[in-house]
Amino acid sequence: GFLLTAALDGTLRAYRESDRALLWTVELGAMVIATPAIELGRVFAACTDGVLRIRRLSDGAALGTIATGGSDLAAPLVQGGKLYLASGFPETRLAVYDAASGVETGSFALEQVTNAAAALAPGLILAACNSGRLTAIDATTFTEVWSRSLGGNVASAAPSVAGSDVWVLSENVLHQTSLAGVSGVSLTIVDPVPPAGAFSVETAGSSLSVQGDRIAGVVRFTY
């Protein structure tokens, strides 16, 4: 197996999983903030210059590029031969590409820019944008199925699907919504030991890991 790292300076490194030996290093030529995706022996790296790079996993050789038109901060999602990418500023859309050819096959206009990766559920693409709106998009027609205003700024917190529900952290509030669009739990997470004398606080939530009946995530409190 492989371990892959992407640095802010655009350096992509691959290591052998068994002994952590460095296998190859490439310079992409643009800043990388989003986690790259790996699928079918290829690496998909979204960059802030509006160009997504595709590299061969085995040796880092260039396989192609996709012009996205945005300063992409969201991680790409590759599944079933399709690449799903929430394009960065100035774009405000989620785009779907053929992962082999790079041809765009559909898109959906979001309410605002997004830094969060998309998520998939049967027949749906789920996207959350910085305005706090969570939208379910029909994966075939690219039309809205339902949307919900979560409030706050979702930032980089990608939706997580577990069974018949989708969970999102918007700032310090954990939201549950059914895949049918019915609102569920909204749980505010507080700092158990805030510093004394703080005048204000800013919060930011992470993407979530959902396993069985457990949900794990991180909320940052900045005072």
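A nonpolar surface patch is made of residues with over 30% relative accessible area and no salt bridge, with nonpolar side chains joined within 5 Å. The model used in these exercises is predicted.

**Exercise 1. The patch**

Task: Find which residues make the nonpolar surface patch of about 290 Å², and test M31 against the cut-off for accessible area.

Solution.
Step 1. The patch of about 290 Å² consists of L8, M31 and I33.
Step 2. Locate M31: this residue sits in the loop between β3 and β4 (37-39).
Step 3. M31 has a relative accessible area of 40%, and is therefore partly exposed. The patch cut-off asks for over 30%, and the value for M31 is 40%.

**Exercise 2. Salt bridges**

Task: State how many salt bridges a search of the whole structure finds, then examine the pairs D19 with R16, E91 with R93, and R214 with D213.

Solution.
Step 1. The whole structure holds seven salt bridges.
Step 2. The test is a side-chain nitrogen of Lys or Arg within 4 Å of a carboxyl oxygen of Asp or Glu. For D19 and R16 the distance from N to O is 2.9 Å. For E91 and R93 the distance from N to O is 3.2 Å. In the pair of R214 and D213, the closest N and O atoms lie 3.8 Å apart.
Step 3. Now add accessibility. D19 is partly exposed at 44% relative accessible area, and R16 is partly exposed at 35%. E91 is partly exposed at 24%, whereas R93 has 17% relative accessibility and so counts as buried; the limit for buried is under 20%. R214 and D213 are both exposed.
Step 4. Look for a network: salt bridges link E91, R93 and E104.

**Exercise 3. A four-stranded sheet**

Task: Work out the strand order of the open sheet formed by four strands, and explain which strands stand at its edges.

Solution.
Step 1. The order is β8-β9-β10-β11, with antiparallel pairing.
Step 2. β8 (77-79) and β11 (104-109) each have a single partner strand, so they stand at the edges and one side of each lacks a neighbour in the sheet.
Step 3. On average, neighbouring strands of this sheet are turned by 15° against each other, direction ignored.
Step 4. Take one pair in detail. Three bridges pair β8 with β9 (residues 82-86) in the antiparallel sense. In this pair, Q79 has K82 of β9 as its bridge partner.
Step 5. Recall the general rule: strands of a sheet pair through backbone hydrogen bonds, either parallel or antiparallel.

**Exercise 4. A hairpin**

Task: Describe how β2 and β3 are joined by bridges, and find which residue in their hairpin takes a positive phi.

Solution.
Step 1. β2 (residues 11-16) and β3 (residues 22-27) run antiparallel and are joined by five bridges.
Step 2. One of the facing pairs is T11 opposite E27 in β3.
Step 3. Five residues lie between the strands of the hairpin, where R20 takes a positive phi near 65°.

**Exercise 5. The surroundings of A139**

Task: Place A139 in its loop, decide whether A139 is buried, partly exposed or exposed, and list its contacts.

Solution.
Step 1. A139 belongs to the loop between β14 (133-138) and β15 (144-149).
Step 2. The relative accessible area of A139 is 22%, which means that A139 is partly exposed. Buried would require under 20%.
Step 3. Leaving out residues up to four places away in sequence, A139 touches G123, L124 and I125.
Step 4. Compare sequence with space: A139 and L120 are 19 residues apart along the chain, and their C-alpha atoms are separated by 8.7 Å.

Technical notes. Residues numbered from 1 in each chain as written. Predicted model: local features only at pLDDT ≥ 70, side-chain atom pairs only at ≥ 80, totals over all residues. Heavy atoms only, no water. Buried < 20%, exposed > 50% of the residue type's maximum accessible area, 1.4 Å probe, protein only. Pairing = 2+ DSSP bridges. Helix = DSSP H or I, 4+ residues; strand = E, 2+ residues; numbered from the N terminus. Axes fitted to C-alpha atoms, helices over the stretch in contact; angles between N-to-C directions. Patch = residues over 30% accessible without salt bridge, like charges linked within 9 Å, V, L, I, M, F, W, Y side chains within 5 Å. Areas by Shrake-Rupley, 256 points an atom, 1.4 Å probe, with all protein chains shown as cover. Contact = heavy atoms within 4.5 Å.
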